[in-house]
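Biologist: Please walk me through the charged side-chain pairs in this one, slowly, and tell me what counts as a pair. I'd like to follow along on the screen.

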Amino acid sequence: MVFVHGLFSSPATWDSIGSLMVADTELSFVSAHQFTYSSPKVRFRPDRRIPAIDDIADLLKTFVHEQLGDQSPIFLVAHSQGGLIVQRYLARMLMEGRGQELERIRGVVLFACPNSGSEFALSLRRSWWQRHPQEQSLRPFDSLVTDTHRTVLNQIVNANSIGPSSCRIPFWAYGGSQDNVVKRASAQSTFIHTSMLPGDHNSIIRANAMNDAVYAVLRARLISAHSADQEVGYASIAAPSMTSKTPNVAHTGDRARAESFLQALPPLAGWVRTLRVQDFFRVSGKTSRLFDAGLTSMTTNPIQYVDPDLRQAELACLHSGGKLMAAMIDLLFADPLDGEAEKFEHPEDAWVLKLGEYQPSVDESRLRGLRDDFFVTYDHFVNLLNERDLIDHDQQQVPKGRILQSAPQRKEAARLVARLEGSRGSRRLAISNTGTVDVRGVSVAIPPEASSFQLLENDLPIDVMRPGDNVKVLAVVVMGGGKSIFDVEITGTLEDGSDVRFYSKISI
């Protein structure tokens, strides 16, 4: 494993993690190496210059390929600017047509890396270090860093072959929950596997115990990669032949990865079936947890397919799944059920995830579209596994010969929401039908405690609201107390005569 430090730093920044690794018997297979480079704040000697990012990237190339020398697997772990140096090293290797030499790299872990720059104290930095070549690379949207990052995403993270100009290497990008130097969006960028760790820009990589978050995630990555290498043998993860391939004959590594995929995202599991058809107004915490765990399990699995068709199909599946999971995290809000968490092995299974009230119809449509995109790629990939006889049918993961449907059948559902629009002088309550069925006789009830809020009742009830309809009812806010935040009750009747009732939170 190679540690790469950040700006104005030194290898000592990794001392706490290094000490824990020495004492960790389960990491006895790891040999830790410190890559160091010059990163002074000022230049004192006129006969010396401060190395630029390209210079340091080439130093890292020399360190990895000449000083380390052997062909054992490598993990690269970087903090802050160190992550930019690692990415630049990888991009320059591809530019030189040496992508196949990167195959021994089992993964890259980035902690608080400014993938799109840092705005922290930008004006002061420009004043103090106007000509500092390393600081310049940390400014927002630096052209060299942007081009390098694009190359890494396209030709490494999302690569589907190993060759002179591409080599798939998994990346994990972590941001600090209290980091105001490199914020979440820059630290995580658009990598597939991302998360947050406790700490600010410097303390994110300090660990006092083996159960500290930063050490736990790094340890898990190393053990997972080592276990995979032991299972299939390092030599089995070789570049696939692009000129000759025997159809439907599975390589040992292909079978191992296929089994891992079917365990992580099983086609016939109840939660996968639920994800296919559910509306996104209420999502169980268990479904979200299992989906996230399944995607994480596969994106962190270092085994790669020899069959290029399988590799490309699974990559497309995991990419679309990652986009869906990211949207669910952004748009769904957890609502823990009081007193229920202790009944579950995983406390988050007691949660109900709810769609926010802002633009509900737009957000619901976006989630459905991403969900359908995921299952198109998912079904295509599972069908490929079936064709190549990589599915253990005794385990009933999917019936033999069955072709999964790419178009999920959605349940018909009713859903009405309301939100307040306009300024103090002109308020309207906008009522929207974001469901999939007609609702008749739609009416709204204001709770007694909201005495300062009134609706023009001549506009109610609404005869019929079809899916996508949006009706605005004139509202008046009067002087005289009452709650300023409250729930309004929206009622109606479906075609079969059954009554429906919904609640939306309003703030005046």
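Modeller: Here's a close look at the salt bridges, with a short detour to a pocket at the end. Keep in mind that this is a predicted model: local features need pLDDT of at least 70, side-chain atom pairs count only at pLDDT 80 or more, and totals for chains, interfaces and linings use all residues. Numbering starts from 1 along each chain as its sequence is written, and side-chain values use heavy atoms, leaving out hydrogens and water.

I call it a salt bridge when a side-chain nitrogen of Lys or Arg sits within 4 Å of a carboxyl oxygen of Asp or Glu. By that rule there are 20 salt bridges. Start with Lys61 and Asp58, whose side chains meet at 3.8 Å, N to O. Both belong to helix H2 (residues 53-67) and lie three residues apart, about one turn of the helix. Helices here are DSSP runs of H or I with at least four residues, strands are E runs of at least two, and both are numbered from the N terminus. Lys61 counts as buried because its relative accessibility is 16%, while Asp58, at 24%, is partly exposed. For those labels, buried means under 20% relative accessible area, exposed means over 50%, and partly exposed is in between, using a 1.4 Å probe and protein chains only.

Next comes Arg98 with Glu101, bridged at 2.9 Å, N to O. Arg98 is partly exposed, since its relative accessible area is 23%, and Glu101 is partly exposed too, at 36%. Both pairs feed into something wider: bridges with shared partners tie Asp54, Asp58, Lys61, Arg88, Arg92, Glu96, Arg98 and Glu101 into one network.

Now jump to Arg388 and Glu387, which form a salt bridge at 3.9 Å, N to O. With a relative accessible area of 10%, Arg388 is buried.

That brings us to helix H13 (360-387), one of the elements giving at least two residues to the lining of the largest pocket. A pocket here is an open set of points on a 1 Å grid over the protein atoms alone, where a 1.4 Å probe fits, with protein on both sides within 12 Å along at least five of seven lines; lining residues have an atom within 4 Å of a point. Helix H12 gives the most to that lining, with nine residues.
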